[in-house]
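Reader: I am new to this structure. Please take me through its salt bridges, one pair at a time, and then show me what else is around them.

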Amino acid sequence: MEDRAEALALRFSEGRTMRSSSIPALQAAEFAADHGDCAEAFHRRVFDAYFDELEDIGDIDTLVRLGEEAGLPGEELRQALTDGVYREQVEEAVEGARLAGVRSVPTFIFDEQYAVVGAQEYETFQAVMKELGREPREEAEQA
């Protein structure tokens, strides 16, 4: 895993002493998706904060700071998290994943038929798309 991460310029720091609840971060991600073009930057910022900087992504203050760094309106994000605006939506999605048999992250589900579990090479995803009868993108089109 570390070799794959390094090849993709992703870093995983050692020394984590706690495990964060991802539920608040998932709610914040829904907020980001509803608020403009910051969702991708927010996802990346949360990933880096958790895996590289060993931050607690279950903490509202941390998520607000990360959201602001990604261009989100911090106080609106704080209010949405405090009020639980996205709580039900996230809980339903998490329950749906559990019912579908998802036990680890990441898990990618295609056409409710195939699941790809864990960090995989791009070729794995191409093979699934081919199995589904879809034309996979060429590697040059990735981005």
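Author: Start with Asp111 and Arg134. This is a predicted model, and in it these two residues form a salt bridge. Their closest N and O atoms are 2.9 Å apart. Where do the partners sit? Asp111 is in the loop between strand 1 (107-110) and strand 2 (114-117). Arg134 is in the segment after helix 7 (122-131). The two are 23 residues apart in sequence, so the pair ties together separate parts of the chain. Asp111 is partly exposed, at 38% relative accessibility. Arg134 is partly exposed too, with a relative accessible area of 39%.

Some salt bridges share partners. Arg45, Glu53, Glu55, Arg65 and Glu69 are joined in this way into one network. A search of the whole structure gives nine salt bridges.

Next, take Arg78 and Asp61. Their side chains meet in a salt bridge, at 2.7 Å from N to O. This pair also links distant parts of the chain. Arg78 belongs to helix 5 and Asp61 to helix 4, and 17 residues separate them. Arg78 has 24% relative accessibility and counts as partly exposed. Asp61 is partly exposed as well, at 48%.

Now look at a pair within one helix. Arg98 forms a salt bridge with Glu95, and the closest N and O atoms are 3.9 Å apart. Both residues lie in helix 6 (residues 87-99). They are three residues apart, so about one helical turn separates them. Arg98 is partly exposed, with a relative accessible area of 49%. For Glu95 the value is 38%, again partly exposed.

Why can such pairs form? Side chains of opposite charge can pair when their charged atoms come close.

Turn now to the nonpolar residues. The largest nonpolar core has 21 residues. Phe42, Val46, Ile57, Leu63, Leu72 and Leu77 have the most contacts inside it. Helix 2 (23-34), helix 3 (39-51), helix 4 (60-69) and helix 5 (74-83) each supply at least two of its residues. Apart from this core lies another, of five residues. Among them are Phe110, Val116, Phe125 and Leu132.

Finish with Ile57, in the largest core. Which residues does Ile57 touch, leaving aside neighbours within four places in sequence? Ile57 is in contact with Ser20, Ser21, Pro24, Ala25, Val46, Tyr50, Leu63 and Leu66. Of these, Val46 and Leu63 are also listed with the most contacts inside the core.

Technical notes:
Residues are numbered from 1 along each chain as its sequence is written. This is a predicted model: local features need pLDDT of at least 70, side-chain atom pairs count only at pLDDT 80 or more; totals for chains, interfaces and linings use all residues. Side-chain values use heavy atoms; hydrogens and water are left out. A nonpolar core is a set of buried Ala, Val, Leu, Ile, Met, Phe, Trp, Tyr and Cys residues joined through side-chain atoms within 4.5 Å. Buried means under 20% relative accessible area, exposed over 50%, partly exposed in between (1.4 Å probe, protein chains only). Helices (H or I, at least four residues) and strands (E, at least two) are DSSP runs, numbered from the N terminus. Contact means heavy atoms within 4.5 Å. A salt bridge is a side-chain nitrogen of Lys or Arg within 4 Å of a carboxyl oxygen of Asp or Glu.
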